[in-house]
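Morning, everyone. I have one model to walk through today. Let me put it up.

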2 protein chains.
Amino acid sequence: MEEKLYEEKISSKKIFKGEILSLYFDKVKLPNGKTATREKVEHPGAVAVVPINKKRQVILIKQYRYPVEKDLIEIPAGKLDRSEPPLECAKRELKEEAGISGKNFDLLATIYTSPGFSNELMYIYLVTDFLEEENNPDHDEFLQILKIDLNECIKMIEEGAICDAKSIIGILMAKDHLSKNTR
Amino acid sequence: MEEKLYEEKISSKKIFKGEILSLYFDKVKLPNGKTATREKVEHPGAVAVVPINKKRQVILIKQYRYPVEKDLIEIPAGKLDRSEPPLECAKRELKEEAGISGKNFDLLATIYTSPGFSNELMYIYLVTDFLEEENNPDHDEFLQILKIDLNECIKMIEEGAICDAKSIIGILMAKDHLSKNTR
């Protein structure tokens, strides 16, 4: 049935190439032969990490998110550098943002954040085996580090205090993962 | 502490205005007084609905997603029309995409899909009280309708067969919501 859904690219126009995003305005042929336009954001991909310590606290990052004009509470995350393996990126971002050197990373999920308009692919890891070092995040990062009990994080998701997609997925899947592995 | 994280807009340049997205290239003042650039995608916002029938099957949509160049399995969803209330949009999209007239919608979550570069806000509803009508989706929509047991959906999330962020959040939160309300 693949053929029935497929949209064929007819033409592609690069509108913008920034440091992070590229924007394309494409024309496609629909399954019924008609044409349509597609606005597509190209993104390098990203990683996110759910760090949970031995006290079952999640290490979270509070930072200002310019596009949504507010502070958000999120799990540590960052964009992939050019051709950087996701696991290396996860280790780097965890160190830069939260000052944590993680060892054993479990891949919880690989998700598309907004497949209607963007190709951003996000790798979400769980790390439980780490030493919490002195917080010494990267100097270019403006953020606060929070430690919040996993059950409290679940409540914050239900109440909307954690409302970032990757963070919700990471925390909910980490909880399920941990409850399975300690059954 | 809000002041410490806030980024002040210095200038804003509209790069593109499409049917769905607008792209801005802005300059901001960081908390330390230095400047930086921000690439921001403006999105009208969207809704998604988790329809679960009396047999605990989730009604899902399989469709080609041009930006990621593959078919994805997702919960029914769509963009907000100009100034459309989210609940009205949820009813409309559920009818158009899945041929379902839902009545009682529970708001499960309101999420930012990609707050690092986009302001897209997504309202995710649960609907359990509906009649499954003859499937007669909108003629412009190229999609397949699937009915998959809720527990099987959870397995598909763990295995990566469902990898769309809003769908993962909707299904996981619907499961928790239902298990609480039937305890």
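Which residues is B:Ile169 in contact with, once its neighbours within four places in sequence are left aside? Keep that in mind while you look. One caution before the answer: this is a predicted model.

Here is the answer. From chain A, B:Ile169 contacts A:Ala165, A:Ile168 and A:Ile169. From chain B, the partners are B:Ala109, B:Ile111 and B:Ile124.

Now the core. The largest nonpolar core has 84 residues. B:Ile169 is among the members that touch the most others, along with A:Ile169. The rest of that group is A:Val47, A:Tyr125, B:Val47 and B:Tyr125. Apart from this core lies another, of eight residues. Its members include A:Val41, A:Phe117, B:Leu21 and B:Phe117. As a general point, nonpolar side chains in soluble globular proteins tend to be buried together.

Next, how the chains relate. A turn of 180° lays chain A on chain B, with a shift of 0.0 Å along the axis and an RMSD of 0.0 Å. That is the relation of a two-fold axis. The same surface serves both copies: of the contact residues of chain A, 100% recur in chain B.

On to the sheet in chain B. Four strands form an open sheet, in the order β7-β4-β10-β9, with mixed pairing. The edges are β7 (77–79) and β9 (105–112), each pairing on one side only. From one strand to the next, the twist averages 20°. Inside the sheet, β4 (residues 46–51) and β10 (residues 121–127) of chain B run parallel, joined by six bridges. B:Ala46, for one, has B:Met122 in β10(B) as its bridge partner.

What packs on this sheet? Helix α2(B) does, touching β4, β7, β9 and β10 of chain B. Its direction makes about 60° with that of β4(B). Helix α4 of chain B, residues 165–181, lies across β4, β7, β9 and β10 of chain B too, running at about 140° to β9(B).

Stay with α2(B), residues 86–98. This helix has 13 residues and reaches 17 Å from first C-alpha to last, close to the expected 18 Å. Its buried residues include B:Cys89, B:Ala90, B:Glu93, B:Leu94 and B:Glu97. B:Lys91 is buried as well. Just after the helix, B:Gly99 takes a positive phi of about 65°.

Last stop, chain A. Strands β5 (residues 57–65) and β6 (residues 70–74) run antiparallel, joined by five bridges. A:Tyr64 stands opposite A:Asp71. The two strands form a hairpin with four residues between them. In that turn, A:Glu69 has a positive phi of about 60°.

Key. Residues are numbered from 1 along each chain as its sequence is written. Chains are lettered from A and ligands numbered from 1 in the order in which they are written. This is a predicted model: local features need pLDDT of at least 70, side-chain atom pairs count only at pLDDT 80 or more; totals for chains, interfaces and linings use all residues. The expected span of a helix is 1.5 Å times one less than its number of residues. A residue is buried if 20 or more other C-beta atoms lie within 10 Å of its own, exposed if 12 or fewer, and partly exposed in between; C-beta atoms are placed from the backbone. A nonpolar core is a set of buried Ala, Val, Leu, Ile, Met, Phe, Trp, Tyr and Cys residues joined through C-beta atoms within 7 Å. Two residues are in contact if their C-beta atoms, placed from the backbone, lie within 7 Å. Two strands pair if DSSP finds at least two bridges between them. Copies are superposed by least squares on the C-alpha atoms of residues with pLDDT of at least 70 in both. Axes are lines fitted to C-alpha atoms, for helices over the stretch in contact, and angles run from 0 to 180 degrees between N-to-C directions.
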